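Reader: I'd like a close look at one part of this model, and then a walk outward from there. Here's what I have on screen.

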Amino acid sequence: MGEKEFQFGIDYHPEHADRSLWESDARRMKEMGVRLVRMMEFAWIILEPQEGCQDFSLFDEVIDIFAGHGIKAVLGTPTATPPVWLAEKHPDIIRISIDGKVRQFGTRRECCYNSAHYREAGLSIVESIARHFGKNQNVVGWQIDNELGHEGTDICICDNCKDKWHAWLRKKFPSVQAMNKTWGTVFWGATYSSFEQVPIPTEQPLPHNAGLQLDYYRFCSDSAVSFVDDQIAILRKHIDSEQWISHNFYIPPVCNIIDHARMAENMDFAGYSNYPVWGDQDEPFPYYFNSYAFSAIRGFKDSPNFTIFEQFAEAQGHVCLGYLPSYDEIVLWTNHAIAHGADRLFYFPWRTSRYGSEQLGYGILDSDNAESERYRRLRQNIIKNRDVHDKIVRSSIITPACLIYDKDNMRVLWDQYLSKGLYEKPTPYVQAGYELELTRWFAPYVLFNINADVKKPSQVDLSRYSIISLPMYQMADPEFVGRIEKWVHEGGILVLGWRAGARDMNNFAITDSLPGLFSELAGLKIKRFESLNRNKVKIKIGLIPAKGEVWADLIEPVSAKAIAFYSDSKKHYSGTPAVTVNHYGKGTVYYLGTSPDPLGLFILFRKILKKGGLRPKFHGNGVEVIHRSGDDGKNFKVVLNHTAKSKLVSGKWIRPYGMMVLSE
Amino acid sequence: MGEKEFQFGIDYHPEHADRSLWESDARRMKEMGVRLVRMMEFAWIILEPQEGCQDFSLFDEVIDIFAGHGIKAVLGTPTATPPVWLAEKHPDIIRISIDGKVRQFGTRRECCYNSAHYREAGLSIVESIARHFGKNQNVVGWQIDNELGHEGTDICICDNCKDKWHAWLRKKFPSVQAMNKTWGTVFWGATYSSFEQVPIPTEQPLPHNAGLQLDYYRFCSDSAVSFVDDQIAILRKHIDSEQWISHNFYIPPVCNIIDHARMAENMDFAGYSNYPVWGDQDEPFPYYFNSYAFSAIRGFKDSPNFTIFEQFAEAQGHVCLGYLPSYDEIVLWTNHAIAHGADRLFYFPWRTSRYGSEQLGYGILDSDNAESERYRRLRQNIIKNRDVHDKIVRSSIITPACLIYDKDNMRVLWDQYLSKGLYEKPTPYVQAGYELELTRWFAPYVLFNINADVKKPSQVDLSRYSIISLPMYQMADPEFVGRIEKWVHEGGILVLGWRAGARDMNNFAITDSLPGLFSELAGLKIKRFESLNRNKVKIKIGLIPAKGEVWADLIEPVSAKAIAFYSDSKKHYSGTPAVTVNHYGKGTVYYLGTSPDPLGLFILFRKILKKGGLRPKFHGNGVEVIHRSGDDGKNFKVVLNHTAKSKLVSGKWIRPYGMMVLSE
Amino acid sequence: MGEKEFQFGIDYHPEHADRSLWESDARRMKEMGVRLVRMMEFAWIILEPQEGCQDFSLFDEVIDIFAGHGIKAVLGTPTATPPVWLAEKHPDIIRISIDGKVRQFGTRRECCYNSAHYREAGLSIVESIARHFGKNQNVVGWQIDNELGHEGTDICICDNCKDKWHAWLRKKFPSVQAMNKTWGTVFWGATYSSFEQVPIPTEQPLPHNAGLQLDYYRFCSDSAVSFVDDQIAILRKHIDSEQWISHNFYIPPVCNIIDHARMAENMDFAGYSNYPVWGDQDEPFPYYFNSYAFSAIRGFKDSPNFTIFEQFAEAQGHVCLGYLPSYDEIVLWTNHAIAHGADRLFYFPWRTSRYGSEQLGYGILDSDNAESERYRRLRQNIIKNRDVHDKIVRSSIITPACLIYDKDNMRVLWDQYLSKGLYEKPTPYVQAGYELELTRWFAPYVLFNINADVKKPSQVDLSRYSIISLPMYQMADPEFVGRIEKWVHEGGILVLGWRAGARDMNNFAITDSLPGLFSELAGLKIKRFESLNRNKVKIKIGLIPAKGEVWADLIEPVSAKAIAFYSDSKKHYSGTPAVTVNHYGKGTVYYLGTSPDPLGLFILFRKILKKGGLRPKFHGNGVEVIHRSGDDGKNFKVVLNHTAKSKLVSGKWIRPYGMMVLSE
């Protein structure tokens with residue numbers, strides 16, 4: 001086996017195309033420099049047109065054709081779209097959304113993970129295809145299902161779930177009494193005497209018991225995870241050991257209550273559907289948001305690499321479109337993913353569907369099937385930049401910083417969001433407050449071109465990092481705090497966010513003063529706080545005026561020293577510290593009592609990063625540098641220009657939406 | 001029979017009034033100049049107080065009394081409000097709204113067109129009243145039901161509908177396979193093996209298959225239409241041939257998925273409920289919106305005339321009020337309808353209801369029953385302007401222009417609206433994006449005082465027109481495009497909107513480049529486009545800066561020449577054509593790649609209309625001229641002042657909200 | 001028995017605390033100056049852990065412990081939170097919200113007042129505790145349930161309600177015919193032939209019959225009231241006559257369709273949960289809003305005193321927080337309540353709950369149980385100001401003014417709100433338009449420091465007042481109007497709002513001209529009106545320009561004289577009267593055809609109050625003077641500074657958020 005090479009792929013639906021096109025499609029993909037084709041993820045009804053009657057010939061034929069052009073196949077397990085005969089025979093496979101809407105056949109991911117009928121039929125088709133394609137040398141890997149949890153499919157409130165929920169509780173708690181105690185059901189007299197009495201928490205005028213709600217989210221996550229684990233186990237039993245297994249996780253910074261890192265556990269690597277703009281968005285996400293997403297995906301498996309299973313090829317939407325990027329920008333988005341660790345990348349889709357629910361999901365080719373400018377421009381990048389892509393894929397990103405993501409804290413904030421600044425519902429099924437706030441905490445690393453990881457507490461090897469950001473860490477794990485303490489003591493720089501340490505691991509308020517377990521580390525106490533909601537409070541960092549957002553802790557320093565103050569004459573706490581620094585052993589702890597606005601973040605992090613010897617470099621908004629360590633032992637940097645203007649970086653001009661590789 | 005005379009009428013509810021008032025009501029109406037009275041549209045329970053027990057004496061008596069004052073009756077079939085005994089005996093008559101809300105007895109139009117019990121009982125009462133009143137010489141016509149489809153009653157998702165939906169599919173498609181192919185159900189593996197499996201599409205987190213959704217809308221429309229057709233058939237069997245049949249269509253520019261033109265097919269003429277302001281509106285609709293509505297109504301039957309079944313008499317609303325017009329403005333609204341082709345007009349209502357759901361539906365008389373200033377002012381207009389009204393009613397409007405309205409294209413855009421600029425939901429049951437955008441395309445004709453028709457493709461006689469506007473014509477009928485081609489070739493001016501020709505008649509994306517069938521006509525190709533949603537893009541028309549809205553096609557001219565360009569430095573397509581002109585045979589095709597803002601429309605249409613020799617005349621915003629051809633062979637014009645200021649037109653002053661008739 | 005003393009109390013949940021804390025909690029409360037403790041309101045499951053098995057030992061013990069520290073108990077009947085065994089055995093106890101959402105166990109007040117199973121079990125536990133604690137000398141009073149009607153629990157649409165609704169109708173109306181007539185069901189042909197046919201009105205695209213809707217609200221109110229009356233009757237049977245009964249009514253200015261005054265009828269006094277800021281509010285309510293609330297609570301029982309059962313102790317919310325007051329402001333809020341008539345005040349809660357649904361409901365103590373600054377500051381106020389509080393509690397407020405609140409008029413406006421200016425839905429279950437508009441009408445009295453009562457028509461003793469404000473009094477009771485007439489004739493000043501007298505007591509439009517019964521009093525006629533919704537209209541009061549909001553009556557003076565005019569050139573009624581004055585006997589009637597903006601109110605009321613000899617005094621926004629009559633026969637005034645700045649009042653400086661008592 002030779003050196004690692006970057007692999008481009010295409011998401012392809014042979015079932016949508018006339019058979020006569022398969023051969024030319026394969027040829028044109030090959031000419032584009034593509035080596036992989038992903039397919040079959042919605043093809044259950046093709047594979048099993050009637051119950052018990054299976055027919056894999058279509059994909060056999062397509063795989064052969066593509067193999068003839070040197071293109072290997074990646075197969076999706078087709079469980080995202082049940083066949084109509086299953087839905088007809090077992091109406092109970094249909095899920096019910098959190099808002100009470102009963103999902104319908106034909107709209108994708110309409111099945112409940114806890115339906116025994118769905119699970120049984122799903123695992124059965126997975127087993128059949130695993131047996132059939134598992135030894136096929138032209139099949140190199142598998143994608144489980146499709147974007148699990150997307151579009152509100154992380155939570156279901158159907159009767160199947162109710163039974164499984166009670167079973168889950170019975171397994172978790174040694175007794176009903178233990179459950180009552182863990183949740184604090186004595187509050188509002190909602191004490192249970194049997195597990196069966198516990199409701200599935202639906203949307204109500206008042207919040208449910210916070211412990212019950214958190215456990216229901218954990219249960220829902222476990223339901224989805226076990227669905228995936230079952231599929232993986234069956235695949236592993238039958239497939240060749242060379243064939244890998246992964247999944248296209250839906251955009252992590254706006255995700256859901258599923259523990260994606262846990263879901264990825266038994267996969268070979270994590271994957272991602274990368275759409276920097278989608279649907280009716282008037283602007284793409286800021287570039288640092290996408291960088292954050294790549295770090296998050298890397299974090300799922302604590303791995304430097306991941307696969308982009310779906311990469312933006314052209315403007316897409318279900319019912320509405322928005323921003324149209326230039327071809328240069330589309331190409332940059334590909335290179336952006338590669339610079340951050342993608343080692344495989346599939347464009348979605350090959351050819352725009354003429355019908356169905358994604359007529360506005362524009363592909364590399366239009367439905368006229370002519371060679372499009374997109375095709376030419378993407379091909380050009382694939383072929384001309386092959387050496388660059390390979391150089392990158394043989395290197396690894398250098399990340400002296402890490403941002404901590406904690407799923408349980410995210411789940412708690414889903415409902416009990418504290419501040420309207422942490423409440424953002426782009427759809428009825430997503431509460432992205434925690435995720436979007438994390439982007440704020442990640443952005444300074446991107447702006448100053450210090451690459452950062454995103455990890456969960458149980459997974460992070462602190463010794464790898466010089467600096468750790470830990471925002472919104474209310475439920476604090478004593479074991480993790482212990483490791484943090486030791487790490488700070490030995491010289492680490494901790495950037496701790498407001499509300500840290502406010503809860504124990506059952507989400508009970510602590511019986512200490514805030515910030516609880518972090519009190520000594522931070523060298524301060526907090527007795528009061530104000531939710532700023534969507535307002536701002538004036539602060540001063542040194543002499544520079546900035547703004548605080550979302551929240552304002554009223555900090556009482558013990559050993560800490562203030563480095564920023566509230567300076568808002570409308571606030572009774574004006575003049576008190578907003579940000580502090582505390583020295584602890586050889587290390588340093590910064591405590592941010594508020595979420596600085598962009599200017600505040602800039603000033604503050606330049607100070608923090610400089611003092612920590614991390615050499616922040618700002619090349620202007622939109623210029624990003626990814627530092628990588630090559631397989632030749634030499635470091636180099638990938639410079640990306642996310643703007644429509646040429647930029648000067650390290651003495652060299654980089655063209656609009658361009659990529660440049662420089663040695664360090 | 002003498003010359004045609006304009007007929008004023010009143011909407012009257014004798015069942016609300018004390019019997020002692022009937023006589024004086026009739027007398028006061030007569031004194032006002034009124035010749036018609038409409039009634040009975042909500043009176044089922046009066047006519048049939050118990051099942052099988054009918055009593056028509058109340059209306060017999062009222063008809064006699066009015067006849068005594070020379071006032072003829074128009075009767076509504078009373079199917080909009082079922083009697084309580086029917087709702088009690090057959091709960092399944094109740095419809096379920098698209099959002100899952102089960103309608104309730106007592107709130108009007110709560111019955112499902114597909115309920116057999118409702119249909120049977122409804123046709124039975126219609127037959128009875130047809131037999132009873134059909135030969136009555138004092139009854140001149142019939143209104144079917146009331147504002148069908150209004151308030152979300154175009155769509156129902158109940159079980160009655162499910163059965164009829166499957167039957168409809170069975171009738172439409174020769175086989176399930178044909179249905180699958182027509183819809184492209186291979187997408188997301190939603191392929192059916194029997195018609196019974198097809199769901200009624202309800203609101204879901206993801207869109208349903210676009211073909212299925214479109215057919216469901218067609219089915220719903222057919223359900224309502226067949227309900228009307230059945231009533232008409234029964235009426236025709238029993239009524240005198242002199243008695244006409246019509247319907248008060250609800251405001252067409254904000255309407256619903258019912259094909260109103262088809263619904264009107266078996267009627268003698270179309271009717272309309274004309275409320276230039278209603279409910280909580282802070283301003284009346286712009287005058288060109290109402291002009292558009294009149295043209296739309298004329299278009300339903302391809303007729304120069306229509307009836308206003310309900311005309312604004314005073315501010316009205318169900319729960320909230322808004323703008324209060326002056327008496328002059330109220331009078332103008334009457335004359336506006338007449339100038340555009342109304343030959344009958346009923347004011348709604350006679351006297352404000354003291355109770356029920358329309359206590360805020362103010363009438364000509366207040367509940368104090370005193371002679372109101374409204375009564376006096378409306379009477380004055382009726383009596384003093386009798387000659388003018390008669391002159392107008394004996395003439396016909398001169399319309400060199402036509403705007404094409406296409407119901408299927410409207411239905412497709414209901415869900416797949418492309419741009420938030422085409423998404424406008426004033427209530428949960430109306431998506432008025434297509435309709436409101438059409439108003440934009442109609443407005444220039446009004447501003448430049450070139451009267452225009454609104455027609456559907458299958459109905460339009462192109463030879464009548466010099467200029468045709470064809471916006472949002474995605475699903476393009478080859479037969480119609482063929483006729484257009486020929487018409488342009490012979491000298492027609494076509495104003496073609498973005499997105500034209502993008503789909504075939506099954507709503508599949510075409511396999512050609514855009515604009516598909518229009519490519520040669522327009523002389524250009526389109527490969528990319530941006531949805532502008534609610535933003536604007538700068539354009540230049542010649543040297544004049546304006547804005548594009550909703551959408552931006554990136555036009556690649558072949559034979560066309562640009563007459564406007566994108567000029568927005570933020571857009572990568574700045575400098576490319578936004579509007580083009582192409583000569584085709586003796587004709588001209590303008591292609592608008594974006595929706596110009598008001599200034600842009602003004603500049604552009606002045607240019608287009610002038611070049612086309614159509615003599616646009618702009619007298620200032622709010623001054624409208626309706627050109628008519630009199631029965632004496634002489635043309636004249638009706639000038640209306642929709643403003644609160646006097647205006648100078650053709651050298652004559654027209655007073656605020658005034659009407660002036662001038663010879664051409 | 002000595003002189004009356006002000007009593008401070010604490011809301012306490014011993015069931016949330018470790019037993020070991022009870023003794024120290026009691027001690028610390030005593031040290032704070034507290035004499036009362038409220039508890040047990042959510043403790044049904046503690047008292048009756050299984051059906052029929054009751055155990056009162058916990059509260060016996062706690063009562064004893066507190067008694068040992070001189071603290072008496074107030075007990076809540078625990079019916080707000082049913083025990084799980086009841087919900088499990090009788091699922092039909094669960095209520096269904098107006099929007100169709102089925103409530104769930106565990107979320108408080110989830111039971112329907114009309115569930116026989118709930119009523120029976122609830123009255124049974126109330127009887128048991130009444131027997132058990134009713135003679136306990138350490139129990140001084142009872143709170144019925146908790147904040148009845150809050151969070152959408154005023155309305156239920158379940159099947160239990162349906163049966164009771166029909167029974168209620170049968171009782172109210174001598175016949176179905178009488179009901180039909182009272183509601184005007186002839187409208188839209190919705191005439192009933194049996195009571196059982198009448199639906200429970202749910203949310204529909206169109207409004208229900210206004211009479212039916214009003215009666216349903218009355219029925220819902222009666223259901224809640226009878227639930228309370230039943231509890232009171234049982235308590236009275238068993239408890240000592242010294243023990244009082246009351247209820248913590250939820251914030252009256254944003255309340256619901258329950259008739260709180262009627263609900264309070266059989267109680268000893270009314271109570272209130274006083275949260276000047278709660279949840280995600282970015283600002284506290286304006287101070288005059290809270291003053292209005294105190295007056296409203298006094299009005300429930302026509303009494304100078306009331307109890308604050310829950311008083312803001314620290315920022316609270318269920319899922320989100322907001323504004324954080326300074327300690328000075330928190331103390332002021334306590335003194336504000338006392339100055340307006342509170343004679344008992346309980347802080348809520350003692351210690352922040354660590355778990356459950358109110359983790360963000362911060363208490364006097366934090367969950368760290370340390371002595372908090374809040375504890376110290378509240379104690380300081382209790383102890384240092386004891387004489388002041390006692391002086392106030394031995395005096396009574398002097399109120400020359402009264403604002404009329406009418407529940408039926410509020411209910412009618414809930415749905416038929418006339419103007420979007422009267423439509424304010426902070427949650428799906430509250431329509432606070434009427435209530436918030438009343439605040440506007442109350443504010444001038446606060447600004448000019450003339451204390452005012454809030455009373456309902458049937459209850460108000462007009463002879464006590466010099467001036468009466470009567471806004472939004474559409475449904476006019478002839479008996480009350482008669483009394484008003486006589487009172488004005490003898491010198492009263494009536495400030496009458498637009499829309500007065502528009503309806504009779506069945507909510508039928510009157511058959512006279514507006515303002516109907518008030519025509520002679522006001523000396524004018526109204527034929528037309530405009531709903532301004534959320535827009536403003538320019539007016540001039542004398543020479544001073546101001547704005548009118550919400551509504552604009554077009555006034556035709558008969559004997560009245562205009563004192564303000566519409567002056568908006570965009571309105572056809574510009575130049576006509578907006579506010580008039582009419583002399584009637586020795587009295588004066590001001591008619592406000594619009595709702596003046598703050599400046600307009602200021603100008604207008606200064607004029608009205610001065611002319612009426614009421615000596616308005618304005619000390620600047622935020623300075624409030626409460627005039628009281630002491631038990632020594634001397635009047636004094638309590639001055640409160642609601643601002644963060646020192647203010648000069650009557651030559652004395654009052655510190656920020658300070659209280660000052662001055663003799664008159």
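How many residues does helix α1 of chain A have, and what does it reach from its first C-alpha to its last?

Author: Before anything else, keep in mind that this is a predicted model. Helix α1 of chain A covers residues 19-32, which makes 14 residues. From first C-alpha to last it reaches 21 Å, close to the 20 Å you'd expect at 1.5 Å a residue.

Now for the buried side of things. W22(A), S24(A), D25(A), A26(A), R28(A), M29(A) and M32(A) are the buried residues of α1(A). An α-helix has 3.6 residues a turn, so residues three or four places apart point the same way. With that in mind, try stepping through W22(A), A26(A) and M29(A), which are among the buried ones. As for what lies over them, the cover for the buried residues of α1(A) includes two strands of chain A, β1 (7-11) and β2 (36-39), along with two helices of that chain, α3 (57-68) and α12 (373-384). Just past the end of the helix sits G33(A), where phi turns positive at about 100°.

For a second helix to set beside α1(A), go to α11 of chain C, residues 327-339. Its 13 residues should span 18 Å at 1.5 Å a residue, and the end C-alpha atoms are indeed 18 Å apart. Here 12 of the 13 residues are buried, so α11(C) is largely enclosed by the rest of the structure. The buried set includes W333(C), H336(C) and E329(C), as well as I330(C), V331(C) and L332(C). Just after this helix, too, there's a glycine with a positive phi: G341(C), at about 130°.

If you want the opposite of buried, try L543(A), which sits in the loop between β15 (524-541) and β16 (544-557) of chain A. L543(A) counts as exposed because its relative accessibility is 79%. Together with I544(A) and L599(A), L543(A) forms a nonpolar surface patch with about 310 Å² of accessible area.

Finally, zoom out to the chains. Chain A can be laid on chain B by a turn of 120° with a shift of 0.0 Å along the axis, and the RMSD is 0.0 Å. Chain B superposes on chain C by a rotation of 120°, again with 0.0 Å of shift and an RMSD of 0.0 Å. Chains B and C are thus related as by a three-fold rotation axis. To find that axis on screen, look for the glycines at position 100: G100(B) comes closest of the residues of chain B, with its C-alpha at 6.2 Å. In chain A, the closest residue to the rotation axis is G100(A), at 6.1 Å.

Note on methods: Residues are numbered from 1 along each chain as its sequence is written. Chains are lettered from A and ligands numbered from 1 in the order in which they are written. This is a predicted model: local features need pLDDT of at least 70, side-chain atom pairs count only at pLDDT 80 or more; totals for chains, interfaces and linings use all residues. Side-chain values use heavy atoms; hydrogens and water are left out. Helices (H or I, at least four residues) and strands (E, at least two) are DSSP runs, numbered from the N terminus. The expected span of a helix is 1.5 Å times one less than its number of residues. Buried means under 20% relative accessible area, exposed over 50%, partly exposed in between (1.4 Å probe, protein chains only). Contact means heavy atoms within 4.5 Å. Copies are superposed by least squares on the C-alpha atoms of residues with pLDDT of at least 70 in both. Patches are made of residues with over 30% relative accessible area and no salt bridge: like charges are joined within 9 Å, nonpolar side chains (Val, Leu, Ile, Met, Phe, Trp, Tyr) within 5 Å. Accessible areas come from the Shrake-Rupley method with a 1.4 Å probe; for residues, only the protein chains shown count as cover. A salt bridge is a side-chain nitrogen of Lys or Arg within 4 Å of a carboxyl oxygen of Asp or Glu.
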